[in-house]
Amino acid sequence: MSILARIRFPVLSFAALSVIAAVMRPTPLSAAKDPPLRVMTPDEALAAFQIEPGLRIELVAAEPMVDDPVAFAWDEKRRLYVVENRGYPDPLQTNSKPNEPWTTKGRIALLEDTNGDGRYDKRTTFAEGLGYPNGIMVWRGGVFVTSAPDLLYLKDNDGDGVADERRVVLTGFETSKTAQIRMCYPTLGLDGWIYVAGGRNGGKVHSPEHPSRPVVEFPPGDSRFHPDTLLFELVGGNSQFGLTIDDFGRRYGLVNREPVMHTVLEPHHLKRNPYLAFNASIHAVSKVQAEAKVFPISQAKTASYWGQMFRPDPKRVGHEGTFTSACGHHIFGGTALTPEHVGNFFICEPAQNLIQRQVMRPDGASFISEVPYTGREFLASPDIGFRPVYLRNGPDGALYIADMYRQEIDHPQYVPEQARLLLDFTGPHGTGRIWRVVKDVKTSPRTMPGTTVAELCRDLASPDSWWRNTARRLLLERADPACVPLLEKGVSDAPLAATRSLALWTLQVLQRLSPAMITAALRDRDPGVREQGLWLAEKRAAQSGEIVASLLPMAQDADARVRFVAALVLGGLEDSRVVAALASIAVRDGGDRWTRAAVLSGIGRRMDEFFSALNRSRAANPAGFAAVMEDLSRIFGAGASPESCRRFLSGMLAEDRELAWCLPAVLSLAEGVRGRTDLGAKKGDSPLAALLTGSGAAAGALSLDDLFGRAATVARNEEAATRERVSAVSLLGASDFARAGALLGDLLDARQPPALQLQAVRALERLGDPRGGELLVEPKHWTRYTPQIRAAVVSTMTSKPALAGVMFAAIERGTVKASEIPSNRRTQLLKHSDAKVRAGAEAAFKKLEGGDRMQVYQAHRDILKQPVNVAKGADPFMRVCSACHTYNGVGGKVGPDLAGVRNQSDEALLLHVLVPNHEISPGYEAVSVTTRDGRTLSGWLASESENSLTLRTAFDTEEIVARSNISSFVASGVSLMPDGLEQTMTKEELANIIAYLRQEPGAAGPAAGPRR
């Protein structure tokens, strides 16, 4: 289960690092081993709950009826299958047999309410001997169960309530990581496929029942399989323990500090335009990380407790008060709460014993969610044993909760070593509850779902989503043609939009959906149904002119999300009429990055036509036009023919050349053409100037000269806004050194705004001229760089062999100290493919390789014994650290937020400041990418797709690199954080920084005095 899988306690580095105990002398603990949890009786637990006014919570089942429940599902007989993950957590040792679980305690229980009183009173062990089962879905009289590495199908064929059929239908899901972050949550989609959350894992998946099919190997991410054919595919998203699909097929995942994440784009849409430098697919609907507030009423010990294992201090807090274990989220769709609750998200936070409610509303192509009240939660308990981990709508319209009931919900992997023996990760044994939430009024019992086709189609119109989805499942399983006219009537007449949506997709899966039904959906009064009409038309439009004619007007739909889906669908059509429609969407919704990406994903082979149509629509929304032009220019530069690029650039320069949009667009074009060898550019030439050669290009060249001149004027103007100057400097990086070198050198002055200095460094890197390298290492500049600027300069100097040579010469002269070059950069140069660069690196760094950083750490440990002044730590933090790290809401985004760093010991912080490579969390290792035009970029991999990858760099920027422009890719295994920070501050300042980071958020006053 995904409780604290991604939590690492960030320190003063580019990695979110966990506490390192092996090199520490631990501070004595303030408390002995925790006493066993006093298990509240169900009646005591009920009395302790605090719930939203007007609602009540009821017990459905408790031990011994259930034990460690983590998921459940009802069949059409209203019997409840419960997944019992009794072996959790798995041990920390390495299993000698990696594909076999450490335990076989996992079970599936089958519960029945034999007297109809709403409480389950009969239990049958449906299946046992499982490893770490964590998800379940009913299908064709049996159940699919996720239990990595396997996806199982279990079925009772003789009616005794015990599974006598047990098949491994898919296998190869990754199990090397802890049991709480494995594939889970099998969920039936509208399209008849079952979607699976990856649990933050990948795999090498195949079906033993289809040995001829190839193995599907994939990194961490979500997937889907067909329940009958067992075909397996990858999809967008990367969710932990949670996956929810709404009435209109939109998928939402989560990670433990990010409660609601919408998968907006699928990989196959981004893949269709290889020149589109966009690889995001997930949108944060909810607030995340430190802004994702919760309001617990328990005294549960979360991340701050583990920090206190090293230094007790009851005033210190960590992730308490924010989501740290978000899991089991669900969109409510029942009648047993109020209409205001329908469509709301409910999210479990087991580490703090509560469930939060969030209300969603549209936000462009996606959504945004907000808590409807503050200072309290939908449901909370002071009982630390209450561990809600799973939510679902029930047959009675209520919201049901799986309560694992544990003393500790954390996995020992994420607890400091010294604390593990103090905690009971498995107790109390044999406990677990299932609850339901209903309105605080008497409700009538519900009948059984229908059995005939007519009854199932009736149930499809139920106001309760459980009934609708159960009816839809049974209709798919039976595939009875008699349902077709009833479903078609539902598409036209059903009052609920959710029913119309289900009816459409049921017809589609049964292969009985007519073009008339699609056309009707496109005209539906509800935007959600119109959206389904678009998706259903996607594969039919190429064969139906009637459907294409119906699709074109959707570009003018009143709903922003419908227009977004229209862009995706229209972009897949070859019909020439779609270009104008795409351009109109682009201009109208150009401010929404998802819609921009949707439009541009579909213009790969028709860039010229799209540009013409975009220009014609420009007046409708100049701001949207400008945003689209910036992205479109990069696509042109990367993929259009040289002649098309020339026309495109000449067309832009022939316009009024309004700097607000023209500068970013021209710069993006220059970025796009970098690395291309078919433009005839000579070494050192401006890539833009190379485009404006040949007959008829003189006017364009003059216009480009004029644009560069205007950019230089803006860059020099200290009265202009910094963002305008930054944009102008960026463009100068696409000119040449003779034109821009001296100006860029002037902008390196420490008196210039940091953003402008950084952009000047980037511009000199783009120019790639050794004379620019000489400017960067001039003593008057080098000695005055802040750590962030210096890191950017070093990144530039190591990006190309010619610049590296300049840096080696500066080291030899003594202008630059060899120790000022971080170890990851030294390693990059020592392993460079260019023999001359390798030789220069060996000469420059031969005295530094050999564990010198640990010696520095040992030499600085004495500062931890001296008095500190917390208030005096703020200034050196802002000077040295804030360019890359955020603390108390202030700082950069290169490295992680340091909000949780106070939970580490002083020695742990000192170690990671001085020895950044001592331990690095996954995701923050430095990677090095060499491009075809000779650049070497370093950063951490922020995101990737089949077409491109995005690096987060020391410039605090994102560099998007097309895979077609990558010459080599190397994961260095070291941190982006530079060595040598101790050389930028005194020992006293370093001690004060550590004290400053250890204080409680919002603490005021100097707090001077000795360390405790």
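A salt bridge, as the term is used in this talk, is a side-chain nitrogen of Lys or Arg within 4 Å of a carboxyl oxygen of Asp or Glu. Glu233 and Arg224 meet that criterion, with their closest N and O atoms 2.8 Å apart. Please bear in mind throughout that we are looking at a predicted model.

Let me stay with that pair for a moment. How exposed are its two members? Glu233 has a relative accessible area of 32% and is therefore partly exposed. Arg224, at 16%, is buried. The cut-off that matters here is 20%, under which a residue counts as buried.

The structure holds 46 salt bridges in total. I should like to discuss a few others.

Consider Arg406 and Asp68, which form a salt bridge whose closest N and O atoms are 3.0 Å apart. Where do these two residues lie? Arg406 sits in the loop between β27 (399-403) and α4 (417-420), while Asp68 belongs to the loop between β2 (55-62) and β3 (69-74), so this pair ties together parts that are 338 residues apart in sequence. Arg406 is buried, with a relative accessibility of 0%. Asp68 is buried as well, at 5%.

Asp459 and Arg458 also meet through their side chains in a salt bridge, at 2.9 Å from N to O. Asp459 is buried at 4% relative accessibility, whereas Arg458, at 48%, is partly exposed. In addition, there is a network: Arg56, Glu58, Asp396, Arg436 and Asp440 are joined by salt bridges that share partners.

I turn now to the nonpolar interior. The largest nonpolar core contains 166 residues. Which residues have the most contacts inside this core? They are Leu551, Leu570, Phe610, Met629, Leu632, Leu688 and Phe845. Helix α18, residues 659-673, supplies the largest share of the core, namely 10 residues. A second core, separate from this one, has 77 residues, and Leu80, Met404, Ile409 and Val437 are included in it.

Phe610 merits a closer look. Leaving aside residues up to four places away in sequence, Phe610 touches Val579, Leu582, Ala583, Ala586, Val599, Leu600, Ile603, Val628 and Leu632. Of these, Leu632 is also listed among the residues with the most contacts inside the largest core.

Phe610 is part of helix α15, residues 607-617, in which Met607, Phe610, Phe611, Ala613 and Leu614 are buried. How are those buried residues arranged about the helix? Viewed down the axis of α15, they fall within an arc of 170°, so they line one face of the helix. Against what do they pack? Their neighbours are α13 (578-588), α14 (593-600), α16 (622-639) and α17 (642-654).

Helix α9, residues 515-522, can be described along similar lines. Its buried residues are Met517, Ile518, Thr519, Ala521 and Leu522. The helices they pack against are α7 (484-493), α8 (497-509), α10 (527-537) and α11 (545-551).

Next, the strands. Strands of a sheet pair through backbone hydrogen bonds, in either a parallel or an antiparallel manner. In this model, one open sheet is built from 4 strands in the order β17-β18-β19-β20, with antiparallel pairing. The edges are occupied by β17 (243-245) and β20 (282-284), each of which has a single partner strand, so one side of each lacks a neighbour in the sheet. From one strand to the next, the twist averages 30°.

Inside that sheet, β18 (residues 251-255) and β19 (residues 258-263) run antiparallel and are joined by 3 bridges. Gly253 has Met261 of β19 as its bridge partner.

A further antiparallel pair is formed by β23 (residues 354-363) and β24 (residues 366-370), with 5 bridges. Which residue of β24 is the bridge partner of Val359? The partner is Glu370. The hairpin of these two strands has 2 residues between them, and Gly364 in that hairpin adopts a positive phi near 65°.

Finally, strand β21, residues 327-331: is this strand enclosed or open? Since 5 of its 5 residues are buried, β21 is largely enclosed by the rest of the structure. β21 pairs with β22 (residues 345-349) in the antiparallel sense over 3 bridges, and Ile331 stands opposite Phe345 of β22.

Methods: Residues numbered from 1 in each chain as written. Predicted model: local features only at pLDDT ≥ 70, side-chain atom pairs only at ≥ 80, totals over all residues. Heavy atoms only, no water. Core = buried A, V, L, I, M, F, W, Y, C linked by side-chain atoms within 4.5 Å. Buried < 20%, exposed > 50% of the residue type's maximum accessible area, 1.4 Å probe, protein only. Contact = heavy atoms within 4.5 Å. Arc of directions from axis to C-beta. Pairing = 2+ DSSP bridges. Axes fitted to C-alpha atoms, helices over the stretch in contact; angles between N-to-C directions.
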